[in-house]
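Hi,

Here is the structure I promised to pass on. Have a look first, and then read on for what turned up when I went through it.

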Amino acid sequence: MEKKNKSAEKRVRQSFLRREKNRAYKTRMKNAIKKVLAAVQTEESSEKIEELLKQAIAAIDKAASKGVIHKNQAARRKSRLMKVAKA
């Protein structure tokens with residue numbers, strides 16, 4: 001096994017933590033989107049859908065602000081989600 005230098009070991013630790021945080025943001029975002037789609041599918045009340053939509057948009061914006069997804073992807077996801085919720 002090769003011996004790494006200190007900076008390489010630190011980069012490994014940093015990238016691992018960053019990857020875990022990014023996964024958490026992305027998972028949170030996807031789950032929020034799924035909740036909205038499920039509520040639309042089961043024809044929940046419009047107030048419930050509005051609340052879930054609000055949470056999903058916040059999760060999408062958070063992921064975009066952290067650089068987990070691109071801002072244009074965030075805009076596209078929000079647009080499509082609102083289109084489905086309003087229909």
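Let's start with I33: its relative accessibility is 13%, and the cut-off for buried is under 20%, so I33 counts as buried. Keep in mind as you read that this is a predicted model. I33 sits in helix α1. If you skip the neighbours within four places in sequence, I33 is in contact with A56, I60, R77 and L81. The pairing with L81 is a nice one to pull up on screen: I33 and L81 are 48 residues apart in sequence, yet their C-alpha atoms are 7.5 Å apart in space.

Looking from the other end, what does L81 touch once its neighbours within four places in sequence are left aside? The list is I33, V36, L37, L53, A56 and I60. L81 also shows up in the largest nonpolar core, which has 18 residues. Within that core, M29, V36, L53, I60, I69 and L81 touch the most other members. Helices α1, α2 and α3 (71–86) each put in at least two residues, and α2 gives the most, with eight.

Now the helix pairs, one at a time.

α1 with α2: α1 covers residues 6–41 and α2 covers residues 46–65, and their axes are 9 Å apart at an angle of about 155°. Angles over 145 degrees count as roughly antiparallel, and α1 and α2 are therefore roughly antiparallel to each other. The crossing of α1 past α2 is left-handed. On the α1 side, the residues that meet α2 are Y25, R28, M29, A32, I33, K35, V36, A39 and V40. On the α2 side they are I49, L52, L53, Q55, A56, A59, I60, K62 and A63. By class, this contact has 14 nonpolar residues, one polar and three charged.

α2 with α3: here the axes come within 9 Å and cross at roughly 170°, which makes α2 roughly antiparallel to α3. From α2, the residues involved are I49, E50, L53, A56, I57, I60, D61 and A64. They meet K71, A74, R77, K78, L81, M82, A85 and K86 in α3. That contact divides into ten nonpolar residues, no polar ones and six charged.

α1 with α3: these axes come within 10 Å and cross at roughly 20°. Angles under 35 degrees count as roughly parallel, so α1 is roughly parallel to α3. Again the crossing is left-handed, with α1 passing α3. M29, I33, V36, L37 and V40 in α1 meet R77, L81, V84 and A85 in α3. The split for this contact is eight nonpolar residues, no polar ones and one charged.

One last spot, away from the helix contacts. Which residue has a positive phi although it is not a glycine? That would be E43, with a phi of about 55°. E43 lies in the loop between α1 and α2. With a relative accessible area of 69%, against a cut-off of over 50%, E43 is exposed.

If you only have a minute, pull up I33 and L81 together: I33 is in contact with L81, and L81 is among the core residues that touch the most other members.

Cheers

Terms used. Residues numbered from 1 in each chain as written. Predicted model: local features only at pLDDT ≥ 70, side-chain atom pairs only at ≥ 80, totals over all residues. Heavy atoms only, no water. Axes fitted to C-alpha atoms, helices over the stretch in contact; angles between N-to-C directions. Helix = DSSP H or I, 4+ residues; strand = E, 2+ residues; numbered from the N terminus. Parallel < 35°, antiparallel > 145°, perpendicular 65-115°, else oblique. Left-handed = near helix turned anticlockwise from the far one by under 90°. Contact = heavy atoms within 4.5 Å. Nonpolar A, V, L, I, M, F, W, Y, C, P; charged D, E, K, R; others polar. Core = buried A, V, L, I, M, F, W, Y, C linked by side-chain atoms within 4.5 Å. Buried < 20%, exposed > 50% of the residue type's maximum accessible area, 1.4 Å probe, protein only.
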